[in-house]
Amino acid sequence: QMPFFTVDGRSMDHTYADGDLLVGDQKADIKQGDILIIYSDVLSERIVKRCIGLPGDEIKILDNQVYVNGKKLKEDYIAEPMNTEDMTITLSDDEYFVMGDNRDVSIDSRSTTVGCIAKDQIVGKVVFRIWPLSDFGPVR
């Protein structure tokens with residue numbers, strides 16, 4: 001089954017825009033950097049975010065930079081530099097850390113509202129964009 005998702009809001013600017021129609025793959029292996037369709041129990045809706053950390057990873061945000069297992073992430077996909085609180089978290093065997101690409105408007109794993117994502121909350125990995133037609137095609 002290939003779940004569809006319509007982007008709602010600006011949390012993934014400039015990667016995806018409000019109204020983009022995406023297709024996910026439920027069986028795909030998840031790697032750091034993948035864009036995921038997630039079901040948030042707290043928000044009672046599906047959201048789309050980028051996977052920053054995998055089970056067992058240590059995520060550190062220090063001076064608005066993201067480090068995974070001590071290595072600074074090269075994040076050429078973010079909309080603009082973020083302004084966020086410092087934090088450190090080690091993910092359990094079933095947790096993923098996700099963030100929107102437009103960090104200052106994204107509600108994601110940095111907030112207690114969304115928090116870390118359990119494997120069973122992942123609806124699929126985004127593999128294809130259907131709309132807008134000008135961007136139709138597989139996601140790289």
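Okay, let's start with one residue pair: I59 sits across from V68 of β6. Keep in mind that what we're looking at is a predicted model. That pair belongs to the contact between β5, residues 58–62, and β6, residues 65–68, two antiparallel strands joined by four bridges.

Zoom out a bit, and you get an open sheet of four strands, ordered β7-β6-β5-β8, with antiparallel pairing. The edges are β7, at 71–72, and β8; each has a single partner strand, so one side of each has no neighbour in the sheet.

Right, on to the salt bridges. Side chains of opposite charge can pair when their charged atoms come close. Here the count is eight salt bridges. I'll walk through a few.

Take R129 and D20, where the closest N and O atoms are 2.9 Å apart. This pair links distant parts of the chain, with R129 in strand β11 and D20 in the loop between β1 (4–6) and β2 (21–25), 109 residues apart. And both R129 and D20 are buried.

Next, K125 and D34 form a salt bridge at 3.4 Å, N to O. K125 is in strand β11 and D34 is in the loop between β2 and β3 (35–40), so this pair ties together parts 91 residues apart in sequence. K125 and D34 are both buried too.

Then there's D101 with R50, at 2.7 Å between the closest N and O atoms. D101 is in the loop between β9 and β10, while R50 is in strand β4, residues 45–53, so here the parts being tied together are 51 residues apart in sequence. So are these two buried or exposed? D101 counts as buried because its relative accessibility is 0%, and R50 is buried with a relative accessible area of 8%. One more thing on this topic: D20, R129 and D135 are joined into one network by salt bridges that share partners.

While we're inside, have a look at I117 in strand β10, residues 117–118. I117 counts as buried, at 1% relative accessibility. Its C-alpha is 11 Å from that of M99, and the two residues are 18 apart along the chain.

Now the surface. D41, D93, D94 and D120 gather there in a patch of negative charge. One of them, D93, is in the loop between β8 (87–90) and β9 (95–99), and D93 counts as exposed because its relative accessibility is 76%.

There's a nonpolar patch as well: W131, L133 and F136 make up about 370 Å² of surface. F136 is in the loop between β11 (122–131) and β12 (137–138).

Key: Residues are numbered from 1 along each chain as its sequence is written. This is a predicted model: local features need pLDDT of at least 70, side-chain atom pairs count only at pLDDT 80 or more; totals for chains, interfaces and linings use all residues. Side-chain values use heavy atoms; hydrogens and water are left out. Patches are made of residues with over 30% relative accessible area and no salt bridge: like charges are joined within 9 Å, nonpolar side chains (Val, Leu, Ile, Met, Phe, Trp, Tyr) within 5 Å. Accessible areas come from the Shrake-Rupley method with a 1.4 Å probe; for residues, only the protein chains shown count as cover. A salt bridge is a side-chain nitrogen of Lys or Arg within 4 Å of a carboxyl oxygen of Asp or Glu. Lys and Arg count as positive and Asp and Glu as negative; His and the chain ends are not counted. The place of a charge is taken as NZ of Lys, CZ of Arg, CG of Asp or CD of Glu. Buried means under 20% relative accessible area, exposed over 50%, partly exposed in between (1.4 Å probe, protein chains only). Two strands pair if DSSP finds at least two bridges between them.
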